[in-house]
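This report covers charged pairs, surface patches and a few single positions. The sequence and the structure come before the text.

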Amino acid sequence: SSYFPSNHLARLVHTFPVPLTLVNAAEHDTSASPMGRLFQLYLSGNRIYSCTTCHAHLTRHEDIVSKQFQGRHGKAYLFNNVVNVCLGPKEDRILITGLHTVADIYCNVCQSSLGWKYEEAFEESQKYKEGKFIIEKARMCKEPGWA
């Protein structure tokens with residue numbers, strides 16, 4: 001089953017063949033990056049965040065967990081789910097709230113660095129972040145049509 005119900009997917013679009021690892025709630029195993037055609041997901045709705053570089057859709061406003069996060073380069077948002085991203089290797093990183101295992105996330109279309117995914121939190125109070133995504137505010141923009 002897909003993270004976004006079928007009524008939230010506008011269409012799938014074929015682009016150039018490149019390595020691909022789609023990330024969504026149903027697909028978190030990114031141990032291999034299969035070669036193949038890139039299918040870019042387009043989200044329907046009127047509150048969509050996209051990549052500032054190439055405008056690939058990333059997530060919906062409804063998936064924001066918090067706007068009170070700090071990224072490497074400024075303010076960042078925590079999201080439950082994202083699309084059209086690939087993961088870098090997992091690494092342990094000391095962040096403001098302690099030690100976490102994270103994987104950087106990149107836009108599947110333009111390979112811009114967007115933020116990271118929390119793979120593991122070592123402190124009990126931070127466990128809610130596991131499986132969630134940080135996207136830096138400067139790396140995303142609102143798609144036209146916000147109400």
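Is Arg 60 buried or exposed? Arg 60 is buried, because its relative accessible area is 11%, under the 20% that sets the limit for a buried residue. The model is a predicted one, and the values below are computed from it.

**Salt bridges**

Arg 60 has a salt-bridge partner in Asp 63, with 3.5 Å between the closest N and O atoms. Asp 63 is buried as well, its relative accessible area being 6%. Searching the whole structure gives 6 salt bridges, among them the three listed here.

| Acidic residue | Basic residue | Closest N to O distance |
|---|---|---|
| Asp 63 | Arg 60 | 3.5 Å |
| Asp 104 | Arg 72 | 3.7 Å |
| Asp 104 | Arg 93 | 3.0 Å |

Asp 104 appears with two partners. With Arg 72, Asp 104 forms a salt bridge at 3.7 Å between the closest N and O atoms. This pair links distant parts of the chain: Asp 104 belongs to strand E8 (residues 98–107), while Arg 72 sits in the loop that runs between strand E5 (64–71) and strand E6 (74–79), and the two are 32 residues apart. Asp 104 counts as buried because its relative accessibility is 13%.

The other partner is Arg 93, whose side chain meets that of Asp 104 in a salt bridge of 3.0 Å, N to O. Here too distant parts of the chain are linked, with Asp 104 in strand E8 and Arg 93 in strand E7 (residues 85–95), 11 residues apart. Both Asp 104 and Arg 93 are buried. Through salt bridges with shared partners, Arg 72, Glu 91, Arg 93 and Asp 104 are joined into one network.

**Surface patches**

Which residues make up the patch of positive charge on the surface? Lys 67, Lys 75, Lys 137 and Lys 142 gather there. Lys 142 is placed in strand E11 (residues 140–142). Lys 142 counts as exposed because its relative accessibility is 52%, and exposed means over 50%.

A nonpolar patch is formed on the surface by Ile 94, Leu 99 and Phe 122, which together have about 310 Å² of accessible area. Leu 99 is part of strand E8, the strand that also holds Asp 104. With a relative accessible area of 36%, Leu 99 is partly exposed. Phe 122 is partly exposed too, at 41%.

Phe 122 is located in the loop between strand E9 (113–121) and strand E10 (133–136). What does Phe 122 contact, leaving aside its neighbours within four places in sequence? Its contacts are Asp 92, Leu 99, His 100 and Thr 101. Between Phe 122 and Gly 98 the C-alpha atoms are separated by 7.7 Å, although the two residues are 24 residues apart along the chain.

**A buried loop position**

Val 82 is located in the loop between E6 and E7. Is Val 82 buried or exposed? Val 82 counts as buried, because its relative accessibility is 0%. From Val 82 to Tyr 49 the C-alpha to C-alpha distance is 9.7 Å, with the two positions 33 residues apart in sequence numbering.

**Summary**

Asp 104 and Arg 93 are buried members of a salt-bridge network that also takes in Arg 72 and Glu 91. On the surface lie the positive patch that includes Lys 142 and the nonpolar patch that includes Phe 122.

Methods:
Residues numbered from 1 in each chain as written. Predicted model: local features only at pLDDT ≥ 70, side-chain atom pairs only at ≥ 80, totals over all residues. Heavy atoms only, no water. Patch = residues over 30% accessible without salt bridge, like charges linked within 9 Å, V, L, I, M, F, W, Y side chains within 5 Å. Areas by Shrake-Rupley, 256 points an atom, 1.4 Å probe, with all protein chains shown as cover. Salt bridge = Lys/Arg side-chain N within 4 Å of Asp/Glu carboxyl O. Lys, Arg positive; Asp, Glu negative; His and termini not counted. Charge placed at Lys NZ, Arg CZ, Asp CG, Glu CD. Helix = DSSP H or I, 4+ residues; strand = E, 2+ residues; numbered from the N terminus. Buried < 20%, exposed > 50% of the residue type's maximum accessible area, 1.4 Å probe, protein only. Contact = heavy atoms within 4.5 Å.
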